[in-house]
Amino acid sequence: MQDLMQMTSYFMIIIGVFALYSAITGKGPAFKNDYPKEMKEEANKMLRKACWIAAPIILAAGVLELMGYGWAYYISLGTVLPGCIVFGIIFRKRFKQYLK
């Protein structure tokens, strides 16, 4: 069980670093989308802001969990998961005329 927890910690760190890279550069798989050009720039700005918010939380939670603070996983889960849901709702409301 301990090995699984370490593996998830490393996975969270990798995701956090990748999200931070995406926030800084504006590049990555999430930015390679087929949105209509009318909404693409604004949608990518919104995604970049979300990465700026989520990356430090995920990265810190992964590091803290690796250091033995098991509660960090729940803090991450309790903030990032609802954040993704809120992002999805805002995204749908803002771009509903472009989405099928």
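Which helices each supply at least two residues of the lining of the largest pocket? They are H1, H2 and H3, and I will come back to that pocket after walking through the helices and cores. What you see above is a predicted model, in which local features need pLDDT of at least 70 and side-chain atom pairs count only at pLDDT 80 or more, while totals for chains, interfaces and linings use all residues. Residues are numbered from 1 along each chain as its sequence is written, and side-chain values use heavy atoms, with hydrogens and water left out.

Let me start with helix H1, residues 2-25, which has 24 residues and reaches 35 Å from its first C-alpha to its last, close to the 34 Å expected at 1.5 Å a residue; that expected span is 1.5 Å times one less than the number of residues. Helices here are DSSP runs of H or I with at least four residues, numbered from the N terminus. Among the buried residues of H1 are Ser9, Met12, Ile13 and Gly16, where buried means under 20% relative accessible area, exposed over 50% and partly exposed in between, with a 1.4 Å probe and protein chains only. The buried residues of H1 pack against helix H2 (37-66) and helix H3 (71-95), and just after H1, glycine 26 takes a positive phi of about 75°.

Turning to the interior, the largest nonpolar core has six residues, Met12, Ala54, Ile58, Ala61, Ala72 and Val80. Such a core is a set of buried Ala, Val, Leu, Ile, Met, Phe, Trp, Tyr and Cys residues joined through side-chain atoms within 4.5 Å. H2 gives the most to this core, with three residues. Valine 80 touches Ile57 and Ile58, not counting residues up to four places away in sequence, a contact being heavy atoms within 4.5 Å. A second, separate core of five residues includes Met39, Ala43, Phe91 and Phe95.

Finally, the pocket: about 560 Å³ of space lies in the largest one. On a 1 Å grid over the protein atoms alone, with a 1.4 Å probe, a pocket is an open set of points with protein on both sides within 12 Å along at least five of seven lines, and lining residues have an atom within 4 Å of a point. The lining has 23 residues, of which Leu47, Ala50, Cys51, Ala54 and Phe87 lie nearest the centre, and H2 gives the most to this lining, with 11 residues.

Definitions and conventions
Grid points are joined across faces, edges and corners, and a volume is the space filled by probe spheres set on the points.
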